[in-house]
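The exercises below are meant to be worked with the sequence and the model open side by side. Try each task before reading its solution.

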Amino acid sequence: MFGQFFVTTPVRFGIAVASAMCLVLLPETSNAQQRVSFNRDIRPILSDACFTCHGPDLNQLTAGLRLDVRDSAIGAAESGAHAIVPGDPAGSELLRRVASDEDGERMPPPETGKRLNATQIELLRNWITQGAEYQEHWAFIPPQRATLPEILQRSWPRNPIDHFVLARLEREGLAPAPEADRATLIRRLSLDLTGLPPTPAESQAFLQDESSDAYENLVERLLASPHYGEQMAQRWLDLARYADSNGFQADGSRDMWAWRDWLINAYNRNLPFDQFTIEQLAGDMLPDATHDQWIASGFNRNHRLNGEGGRIAEEWFVETVIDRVETTGLTWLGLTLGCSRCHDHKYDPISQKEFYQLFAYFNSVDESGVLENDANTKPLLSVATAEQTAELAKLKSAAEAAESRLAAAEQQLPELIAQWEPGFAESLASQEPIWTLLKPAAVKSLGGASFEPQPDGSYLATGTNPTNDTYEIQIPLQPGQLTAVLLECFPDERLPNQSLGRYANGNFVLTRWEAEWAAADSSEPRPLKVARAEANFSQAGWEIAFVNQGNPSKGWAVDGPTRRELSQAMFVLEQPLQAATAGTLTIRMHHEAIGGHNVGRFRLSGSTQPSELLAIDSAAAQVPPEILAILPLDASARTDAQRQQLTKFYRERVANPVGEAERAVAAARKRVSDFEAGLPTTMVMKEVQPRDAFVLLRGEYDKPGEKVTRGLPAVLPPLPAGATNDRLGLARWLVDRGNPLTARVWVNRTWELFFGTGIVKTSENFGSQADFPSHPELLDWLAVEFMEPQHSPPVAGGAPARWDMKALIKLIVTSATYRQASAVSPALLARDPENRLLGRAPRYRLTGETIRDQALMVSGLLAPKVGGPSVRPYMPEGVWDETSRYGNLRNYRHDRGEGLYRRSLYTIWKRTAAPPTMLLFDAPNREVCTVKRSRTNTPLQALSLLNEVTFVESARKLGERMILEGGQSAVERLAYGFRVAIAREPSEQELSVLSEGLQADLKRFDQDRAAAEQLLLVGDAPSSDSIDVAERAAYTLAANVLLNLDEFVTRE
Amino acid sequence: MIWIFVNGGPSHVDTWDYKPELEKWDGKTIREFAPEFSNTTGFFKDSVGNLMKSPFEFSARGECGKMVSSIFPHLGEHVDKMAFIHSGYTESNNHSPALFAMNTGLARMGFPCVGSWVTYGLGSESRDLPGFVVMSDPKGRGLPKGHAANWSAGFLPGVYQGTHLRPTGDPIDNLHRPATVTNESQRRQLDLLGRLNRPHRERYGAESDLAARIESFELAYRMQQSAPETLDIDSEPASIHQLYGVGDEKCDHFARQCLMARRLVERGVRFVQIYSGGMENQRSWDGHNDIKGNHQQFADETDKPVAGLLADLAQRGLLQDTLVIWCGEFGRLPVAQIAANPGRDHNPHCFSAWLAGGGVRGGVSYGESDEIGYKAAVNRVHLNDLHATILHLLGMDHERLTYRYQGREFRLTDVAGEVIQPILA
């Protein structure tokens, strides 16, 4: 039968064609008698070789010729020649030019590095002979349900999928592979559907289940497992560019795990794909949206957010919206819309204007487009539990009670002040002031900021806020002594965050403080060295001692983001300045550590007191000059403002009963705000009034062109009847029956999950440049079946819904195609190296996440809990510190206990320093939407499997399981380990190789028990002391071999 | 190939592009020089100062008489090996995009870098080491802006990604076996694995994946042996240490990296990139503040080590086969940036670079900036041209080195790029 149907390549194309067919294989036979298909055969050639200059991008159009539009292609070009004359290859300029041997003539031009081969030219010739009919790009035509093709081997199919696959195989003269054995099937299904291997008991039960529905029952059990949702969510996280950090420079943390929980749960409860789509793109806009639907809308908040100093909000707002257009286009339409950001698409009929019309659906969210604080940025949704909400209400009412007690206490203030004032005035009169205000002649900013003098002698920096400003203050001094200078920094409502510094969060970092003295009669200024510096407060890690240490990245900071209080620093001179004449004291304050972190409002005072008597506390005790001015005034002569100043001074400085009430209020409010800050939130979409949108020239935010309104690409169908022209309407349009792309894209991606490669190999691109489907009728049949189920099996007893994801998966995995063995003969491998014909099951390396999860599972370490915040498993300690110098994701410390053993999709993901092992195994960094991962084999992966803590610890625990659960003899234990890890019985030979290794290790560790003990220290999990040390170590190494077997990391 | 990445944007007029005219214009505004130029050029538009001459002396060096800044006393000895480009320009005025552009040809992240294209094109020559190695600042000043995206393989398979040697601690994750697992015992483990995997391989015929995975374990094993050996520069004689400046407080860290680079290329590593400096501002060549102090400091860190590297490669006969490049992400402006000590702001319109060794004609200069070094003026060199030239020198045609992704053929040089013929030997 094989030989009989084996279709050879057409003879007349000779050897060159034969080798091309081997590599590509896909174009089905294409001899002259057969009808050439424009979509299958011609468009890929024209798109790749010609469209750049003769395609949809009108700005690049050459010779007035478009080859993507038939009228232009058969019409006269600028030269008068006709590129294509239907039915007349000899008269077609196109054919003459592509076949030309002259460099100046040949198309595409030699500098493109492209040249058509003989097969391609022959196809073009035949197509022109046959009339040069065009077809719309196949993916833009709505799919129709194909009839099932005729087949010969009628006993093979288990469902309609198999008809399409078998028909193609039979046309090629091939037969499908036999069904895989049951042990392979249960491992394959378990890994594919849940990402975890079967336990030996599960395998055993399946192997012994002789009922006719054993396989279907297994599929049902796995689809009902909570781990199914985790496995499916894992792939969706790449598309959603999900991460636990905001990206960019600081790359600080955010919390979107509530959205991730929604996702897992949506898969588990089998939310139909149309709802799944609408809720993620526009859940916030649904009428009476539920809490869950709001959470779902966070899909398009998973993009990065820029918090860099100096960022331009408008620029990043545009980047944010463009990210949404690109992500939505890739995820649902399989179109690389991003190409149209700067110019009309080179290959697909999507204009730049249409790109910005899509942009207009996503730009009307209540947001600034940039990171607004160090965590989640609005719009936000609280995801507090009921207990947390009740606790918050309790704290709030306690704060209100404290406030009313304070109000009562404040009534007594005038009386209290009147009692206190005489005694205070008296004590002042007898005291010499420690600090005297220094009155500058000039206060300058070298970076270009301005200063406004304040009534209290301080200066407020305004105007531009330079990256690293230096303040230079010149103070004329009379002859006399100066022992120290006091710098006071004041909180001010006019400063960012109403705090102390000029940076957006209200902070500053002072890195150097320099003083120099120039006597009036000398031109040479003399530096004044500082002996010691003290501050009344320093932010942790940013101590006053860092000032003047010569490290420009360190300095004094005051926690401006949360602490808005007077911050004082005192600089005591090494040698008191003894000025015999008048002169100028110059002080320079440098801010070199972090951009924009400049002091906001400050004042300088000097002291003549001996340095021994100076302490920062005495600085705090200084009485402000305005108070000194008020005290001598008669109470009736004081203005309201002066009375308020005095009251303020009294309340701040003097122990009094109001203060106590005040502190109680502050504490109660802090408890409320602390609790609120700790409450979990998640970022969501929230629609506001539509904003204007423009075509951005060259894609740049500051070059708006034509104004545009919301609209869909002309090549795709219009909005369905009744849908609103907004984001919700767009979501409904995506999952409308008339949309030609969404269902195809999704069934293709689902297919890819189970066969390694999609029916369309370019699962990331369904546009003109897409690979032609290996089984176009099957793709369309599945797409229609997904939308309008007729043959899909029931799941959990229920009839399949429209867009039913579990039903689609069940349909695929119960096909005979899926159940084939993966073994392949050298002949078939040579014929179909990429398995595009599906004459066998694919085998491929598992993802990094699955390999790790599997190791945890077989070692018994896996914590199976589903959902919740991200966790911190083992990673190298410095992993976070190289990419950001500040931000709250630094100084990585792994969790203790459960956090080490959760499934990998819960591992905390910092975009700029993603988990290294996952990256090694080809995970994307989640900076942007990624459709497809590559599958590489590198030595760094091998090093990780051999040596990384997670895998060595798993080997240690699997070794213990082998000893404790496997039986008495070494052979029994090794066989048990094999069953646990690989889910099949080992062969005699495999057992003997393993035993040989084990015996050698046992011997070695018996002689070197210290080495054995060392090995057992890897990882946090306790070791079973009841077992002999040498034995445990030897089994650890045996288990390490199992966890490194090719079969272990491969889905067979 | 070894790329000394002069991170942060070195000032061409203070290093290799001698501008006597700038001395005349010192203190005048840029508009006095040319009214069409803007007074607010630069990244920090509100701190633009007047034209400023270089704070460094220049003197003629080598047989070619190249005028070289006083900050490069040692590199000045090698100018006859170098081909200078003085007319480079780029499009981005900010570090991350400019770094991406210099490394990948495009100013956005997500595209393969030069090192990835090179290893994709040439494969690895080493049996024991990764083909593409990156070293960053070991002095705690951080990674270059944009981080690992600068040595990412983009859409090329992950195997072509640069292996970043961690600047502190273990240079490569998991390179060290758990304590007490000896070389011998791991060898035995791998032999066991081989014996178990082999029948499997037979069952699946010549599937390349499986063969690649088995090979990857062997390469990993060999790497455990050879990587520590390669990176251990203590085995080098004292004279070599001296030549590079190992032990010299100012430049010890960079000397070590240059010496490692030589040991890596000697053992067949295709592409080594070393970043001088960490992030922005005073942590790299990004001399916004005090250009004099900043460039003096970073020149002191690198002058002797890079000169030592050139001398050492030459004396071993390796230079003829090793391309060495000195280049950053952009140049700096001829005007001062106002600061306590004047600096210079970013300048994407012009930068200088030099290439040496591997097929490069020594002692020549290509292209010119205008009289004050503001813009590339004569024989302008776009990044695509620089990349095309690098690929050419490594034996590849930049128009033919392509990779199909998302349905189209991608190139390092996108749709442009001309090889700079006059600097070829």
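**Exercise 1. Establish how enclosed helix H8 of chain B is, and describe its ends.**

Solution. Begin with the burial count: 12 of the 15 residues of H8(B) are buried, so this helix is largely enclosed by the rest of the structure. Here a residue is buried if 20 or more other C-beta atoms lie within 10 Å of its own, exposed if 12 or fewer, and partly exposed in between, with C-beta atoms placed from the backbone. Helices are DSSP runs of H or I with at least four residues, strands are runs of E with at least two, and both are numbered from the N terminus.

Before going further, note the ground rules: the model is predicted, local features need pLDDT of at least 70, side-chain atom pairs count only at pLDDT 80 or more, and totals for chains, interfaces and linings use all residues. Residues are numbered from 1 along each chain as its sequence is written, while chains are lettered from A and ligands numbered from 1 in the order in which they are written.

Next, identify the buried residues of H8(B), among them B:His253, B:Phe254, B:Arg256, B:Arg262 and B:Val265. Then check the length: H8(B) covers residues 252-266 and reaches 21 Å from its first C-alpha to its last, close to the 21 Å expected, where the expected span is 1.5 Å times one less than the number of residues. Finally, look past the helix, where B:Gly268 follows with a positive phi near 100°.

**Exercise 2. Describe the side of chain B that touches chain A.**

Solution. First count the participants: the contact takes 59 residues from chain B and 67 residues from chain A, two residues being in contact if their C-beta atoms, placed from the backbone, lie within 7 Å. Now assign the chain B side to its elements: helix H5 (183-203) and helix H6 (208-231) of chain B each supply at least two residues, and the largest share, 10 residues, comes from H5(B). Last, sort that side by class, which gives 24 nonpolar, 22 polar and 13 charged residues. In this sorting Ala, Val, Leu, Ile, Met, Phe, Trp, Tyr, Cys and Pro count as nonpolar, Asp, Glu, Lys and Arg as charged, and the others, Gly among them, as polar.

**Exercise 3. Work out the strand order of the five-stranded sheet in chain A.**

Solution. Start from strand S6 (residues 470-477) of chain A, which pairs in the antiparallel sense with strand S3 (residues 442-445) over four bridges; two strands pair if DSSP finds at least two bridges between them. Within this pairing, A:Ala442 stands opposite A:Gln474. S6(A) is also joined, antiparallel, to strand S14 (residues 583-590) of chain A by eight bridges. There A:Ile473 has A:Ile587 as its bridge partner, and A:Gln474 stands opposite A:Thr586.

Extending the pairings gives an open sheet with the order S3-S6-S14-S9-S10 in chain A, paired antiparallel. S3 and strand S10 (526-528) of chain A stand at the edges with a single partner strand each, so one side of each is left without a neighbour in the sheet. Neighbouring strands are turned by 20° against each other on average, direction ignored, an angle taken between lines fitted to C-alpha atoms.

**Exercise 4. Locate the nonpolar cores and the residues that hold many core contacts.**

Solution. Apply the definition first: a nonpolar core is a set of buried Ala, Val, Leu, Ile, Met, Phe, Trp, Tyr and Cys residues joined through C-beta atoms within 7 Å. Of the 295 residues in the largest core, A:Phe359 and A:Ala1038 touch the most other members, and the largest share of this core, 10 residues, comes from helix H36 (residues 1029-1044) of chain A. Then list the contacts of A:Ala1038 beyond four places in sequence, which include A:Gly959, A:Leu974 and A:Leu998. A second, separate core of 49 residues includes A:Leu477, A:Ala533, A:Trp542 and A:Phe602.

**Exercise 5. Is A:Leu406 buried, exposed or partly exposed, and which residues does A:Leu406 touch?**

Solution. Place A:Leu406 in helix H18 (residues 386-410) of chain A. With 19 other C-beta atoms within 10 Å, A:Leu406 is partly exposed. Setting aside residues up to four places away in sequence, A:Leu406 touches A:Ala661, A:Glu662 and A:Val665.

Key:
Axes fitted to C-alpha atoms, helices over the stretch in contact; angles between N-to-C directions.
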